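User: Hi! I'd like to go through this model with you, starting with its empty spaces and then the odd spots in the backbone. Ready when you are.

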Amino acid sequence: MAIVEVKVPQLSESVAEATLLQWKKKVGESVAADEILIEIETDKVVMEVPAPAAGVLAEVVQGDGATVAAEQLIARIDTEGKAGATAAPAAAAAPAAAALAAAPAVASASKAGVAMPAAAKLMADNNLAAGSVAGTGKDGRITKGDVLGAVAAGAAAPKAAPVAAPVNAAVAKPLPAVAAPVPMALGERPEQRVPMSRLRARIAERLVQSQSTNAILTTFNEVNMAPVMEMRKKFQDKFEKEHGVKLGFMSFFVKAAVHALKKFPVLNASVDGNDIVYHGYFDIGIAVGSPRGLVVPILRDADQMSFADIEKKIAEYGTKARDGKLSIEELTGGTFTISNGGVFGSLLSTPIINPPQSAILGVHATKERAVVENGQVVPRPMNYLALSYDHRIIDGREAVLGLVTMKDALEDPARLLFDI
């Protein structure tokens, strides 16, 4: 019998812990090498944990909803086991399980039904009695995942307290990747209580941090999108045939932003204590809405990317964000961010800076509006641009001129070709 350990992958330096979402296999089921066993959510991404070897899942050490750290043991695989066999013999062969088996039975029984700290808090929040939730954790302890399962199932009446659950007990009922809303019986005024995901909690923390540490000011301008729309209409068919991707508007905004950042480097800088860090590269973050929350993947060295490169990368990031496949490396860093609320119909907003950056461009919906040109009122496709900036290091002059530079580049796209 050969036991292979399944551990949490290495996390980013800025990520201390993660949350197990849902085991895709039960104890006793066969697994193939590199088959996905479980998803792990950090405050940045959702990571998949593949099986390090083929065999049978012999033991689940950490259940759904458990908080884990990098390199922590979460399961064991018996590479010589057969599917359908009970997990107890496999677990007994493992050193850790053998050590536990040697302990007095009364000690194991005394731990059964004990709630972990996070589980105890959740039980109190939902008015669950101590004996109403069966524990599937080590020595029968109650995990957060057990409580969420009981709440989702509507557990209310106390049940007989479990005794000495096997160390390798499987989770009885898999939980969804995102905790199901908990309905509150309030007659005609219903409410739902849904725990924040780790990603959503991190987004909230960073936004509050940005508001409290930056001196945020926003300057606005409007741009006539007709020249960009005409150029896009003229070349989009040939562009798609040549590069295999549609020519969108975001590549123009990225190019215009880089054009302005080169002229006003402080917009591309960041604050580090009492120092201003001027970045000699242009890593542009693109804010993307995903089912799990807002993420900002990075276009590395955007100044060296062609229109086709930008469009391909944005399309790739959009797909990965939707499927939860973005890596930590793709979300780390960035010197400037572009947020396009226009895709959702936003007409005007004041975007919040993505720390430690010092500026962010907000793009909005393009709408036909009446404008005055040469003394005549004419309809034009107009877009409001908003540049939020950290007034601690960026003065109004640089911010306003930087935004005007973006406006001029978009109203005369040829400037982007000649860098003027």
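User: How many cavities of 30 Å³ or more does the structure hold?
Analyst: There is one of 30 Å³ or more. Keep in mind that we are looking at a predicted model.

User: Fair enough. What volume does the largest cavity have?
Analyst: About 80 Å³. Ten residues line the largest cavity, and those closest to its centre are Ser290, Arg292, Val295, Ala321 and Gly324.

User: And how does that lining divide by class?
Analyst: Six residues are nonpolar, two are polar and two are charged.

User: Okay, on to pockets. How much space lies in the largest pocket?
Analyst: You have about 800 Å³ there. Its lining has 36 residues, and the ones nearest the centre are Arg206, Val296, Leu331, Asn354 and Pro355.

User: Which elements supply at least two residues of that lining?
Analyst: Three do: helix H6, which covers 198–213, strand S15 at 293–295, and strand S17 at 336–340.

User: Which one gives the most to the lining of the largest pocket?
Analyst: That would be H6, with six residues.

User: What about polarity classes in the lining of the largest pocket?
Analyst: The lining holds 17 nonpolar residues, 13 polar ones and six charged ones.

User: Now the second largest pocket. How much space is in there?
Analyst: About 450 Å³. The second largest pocket is lined by 19 residues, with Met250, Ala287, Val288, Ile314 and Val343 nearest its centre. Strand S14 (284–290), helix H9 (307–323) and S17 each give two or more residues to that lining.

User: I'd like the class split for the second largest pocket too. How many of its lining residues are nonpolar, polar and charged?
Analyst: Eleven are nonpolar, six are polar and two are charged.

User: S17 has come up for both pockets now. Going back to Pro355, what is the peptide bond from there to proline 356, cis or trans?
Analyst: That bond is cis, with omega near 10°. Proline 356 itself is found in the loop between S17 and strand S18, which spans 359–363. For context, most peptide bonds are trans.

User: Nice catch. Next, phi angles. What is the phi of aspartate 34?
Analyst: Phi is near 70° there, a positive value in a residue other than glycine. Most residues other than glycine have a negative phi.

User: Where is aspartate 34 found?
Analyst: Look in the loop between strand S3 (30–31) and strand S4 (36–41).

User: Is aspartate 34 buried or exposed, and why?
Analyst: Aspartate 34 counts as exposed because its relative accessibility is 60%, and the cut-off for exposed is over 50%.

User: What about glutamate 71, where does that lie?
Analyst: Glutamate 71 lies in the loop between strand S7 (67–68) and strand S8 (73–78). Although glutamate 71 is not a glycine, its phi is positive, at about 70°. As for accessibility, glutamate 71 counts as partly exposed because its value is 44%.

User: Last topic, the surface. Which residues form a nonpolar patch there?
Analyst: Phe220, Leu347 and Leu348 do, and together they have about 280 Å² of accessible area.

User: Where does phenylalanine 220 lie?
Analyst: In strand S11, which runs over residues 216–224. With 39% relative accessibility, phenylalanine 220 counts as partly exposed.

User: Great, thanks for the tour!
Analyst: Any time!

Conventions: Residues numbered from 1 in each chain as written. Predicted model: local features only at pLDDT ≥ 70, side-chain atom pairs only at ≥ 80, totals over all residues. Heavy atoms only, no water. Patch = residues over 30% accessible without salt bridge, like charges linked within 9 Å, V, L, I, M, F, W, Y side chains within 5 Å. Areas by Shrake-Rupley, 256 points an atom, 1.4 Å probe, with all protein chains shown as cover. Salt bridge = Lys/Arg side-chain N within 4 Å of Asp/Glu carboxyl O. Helix = DSSP H or I, 4+ residues; strand = E, 2+ residues; numbered from the N terminus. Buried < 20%, exposed > 50% of the residue type's maximum accessible area, 1.4 Å probe, protein only. 1 Å grid on protein atoms, 1.4 Å probe; cavity = no way out; pocket = protein on both sides within 12 Å on 5 of 7 lines; lining within 4 Å. Points joined across faces, edges and corners; volume = space filled by probe spheres on them. Nonpolar A, V, L, I, M, F, W, Y, C, P; charged D, E, K, R; others polar.
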